[in-house]
Amino acid sequence: GKYPERIRFISEPDNGVGDAINKGLKLAKGRIWGWLDTDAYYEPDAIATIAHFFQSNLDAYVVFGECNEIKETGELVGRHLIRDFDIKEAIRDVVYIPLFSIFYRMEVIDKVGPLNDLGNDYEFWVRVGKAFPIHRVSNVLSVNRLRKDGVFYSREPSKRAVRVARYREDYLVSRQNGAGIFSPAAHKYLRFLIMDKLGIYTFVAYQLRIRPRLFSW
């Protein structure tokens, strides 16, 4: 209520994550876009860092930075593994971009379009990476809280359905863009299918994610 021209709160039914994010895109009036999920937040200097980057790099359209990950209790787990973006590596293997630490000019949406219905950031980054250079800064921009009831760790049937759909779409996107059946992306999808079939995926994925040693390199 204090800043009606800058902050708007909307709570209503939607058709999934992608639909909700795209609603925000349609309502946004600013020139630079980013988004957070339920358990993520920006570091105090994140917005100033991004504003300075775009002011200093007028020909840049997309930039991402570091992201710290914490447990539900707030204890620091480590830092999300990131690397300079490479479109070939993204298609064959993985995108090393923390979801909550990437920002882009609204012209990006005008050119590549919004997220799909699943809200699949991997599919979106591949589209963006084929159209724009993606830059990286060394600053920690966001913090993500890992929760056992999150989409990628919960055993709830509805969340499992979203998880299965996302992993399948990731695989199909990689294949449609040239990745082979023996690529790392294909191996990752196969490992997921096996662990999901055995009913151990949620436990294994969460336990591996919260081990600090995975983030040391």
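**Notebook: salt bridges, rings and cores**

E75 is partly exposed, with 44% relative accessible area. I note at the outset that the model is predicted, and every entry below should be read accordingly.

**Entry 1. Salt bridges**

I looked up the partner of E75 and found K71, with 3.5 Å between the closest N and O atoms of this salt bridge. K71 is itself partly exposed, at 24% relative accessibility. The general background is that side chains of opposite charge can pair when their charged atoms come close. I then asked how many salt bridges there are by this rule. The count is 9.

Next I turned to R166, which forms a salt bridge with D121 at 2.8 Å between the closest N and O atoms. R166 belongs to helix α6 (residues 157–176) and D121 to helix α5 (residues 121–131), so this pair ties together parts that lie 45 residues apart in sequence. Are these two residues buried or exposed? R166 is buried because its relative accessible area is 12%, under the 20% cut-off. D121 likewise counts as buried, at 15%.

I also examined D149 and R147, whose side chains form a salt bridge with an N to O distance of 3.0 Å. D149 is partly exposed at 33% relative accessible area, and R147 is partly exposed at 27%. Through salt bridges with shared partners, D39, R147 and D149 are joined into one network.

**Entry 2. Aromatic pairs**

I recorded 11 aromatic pairs by the rule used here. One of them is W35 with W125, a stacked pair whose centres are 6.1 Å apart and whose planes make an angle of 15°. W35 is in the loop between β1 (32–33) and β2 (40–42), while W125 is in helix α5, so the pair ties together parts 90 residues apart in sequence. W35 and W125 are both buried.

I then checked Y167 and F192, which are also stacked, at 4.2 Å centre to centre with 20° between the planes. Y167 is in helix α6 and F192 in helix α7 (residues 184–198), so this pair ties together parts 25 residues apart in sequence. Y167 is buried at 17% relative accessible area, and F192 is buried at 2%.

Which residues form one aromatic cluster with W35? They are Y104, F124 and W125.

**Entry 3. Charges over rings**

I looked for charged side-chain ends placed over rings. The charged end of R105 sits over the ring of Y61, 5.8 Å from the ring centre. The charged end of K111 sits over the ring of F132, at 5.4 Å from the centre.

**Entry 4. Nonpolar cores**

As background, nonpolar side chains tend to be buried together in soluble globular proteins. Here I found that the largest nonpolar core has 31 residues. Those with the most contacts inside this core are W35, V62, I97, Y104, F124, W125 and V128. Two or more residues each come from α1, β3 (62–70), α3 (87–92), β5 (102–105), α4 (106–112) and α5. Which element gives the most to this core? That element is α5, with 5 residues.

I followed V62 further and listed its contacts beyond four places in sequence: F54, I102, F103, Y104, V108, V128, F132, P133, I134 and H135. Another core, of 10 residues, lies apart from the largest one, and Y167, Y171, Y201 and Y206 are among its members.

**Entry 5. L27**

I looked up L27, which is in helix α1 (residues 17–27). L27 is partly exposed because its relative accessible area is 37%. Beyond neighbours within four places in sequence, L27 is in contact with R8 and I10. I also noted L27 against V162: they are 135 residues apart in sequence and 26 Å apart in space, C-alpha to C-alpha.

**Entry 6. Confidence**

Finally, I consulted the pLDDT values. The protein chain averages 90, and 96% of the residues score at least 70. Among its elements, helix α2 (residues 46–56) has the highest mean pLDDT, 97, and helix α8 (residues 201–209) the lowest, 80. Where is the pLDDT below 50? This holds over residues 212–217, a stretch that nevertheless has 12 contacts in the model beyond near neighbours in sequence.

Methods: Residues are numbered from 1 along each chain as its sequence is written. Side-chain values use heavy atoms; hydrogens and water are left out. Helices (H or I, at least four residues) and strands (E, at least two) are DSSP runs, numbered from the N terminus. Buried means under 20% relative accessible area, exposed over 50%, partly exposed in between (1.4 Å probe, protein chains only). Contact means heavy atoms within 4.5 Å. A salt bridge is a side-chain nitrogen of Lys or Arg within 4 Å of a carboxyl oxygen of Asp or Glu. Rings of Phe, Tyr and Trp (its six-membered ring) pair if their centres lie within 6.5 Å; planes under 30 degrees apart count as stacked, over 60 as edge-to-face and the rest as tilted. A charge sits over a ring if NZ of Lys or CZ of Arg is within 6 Å of the ring centre and within 35 degrees of the ring normal. pLDDT is the predictor's confidence in each residue, from 0 to 100. A nonpolar core is a set of buried Ala, Val, Leu, Ile, Met, Phe, Trp, Tyr and Cys residues joined through side-chain atoms within 4.5 Å.
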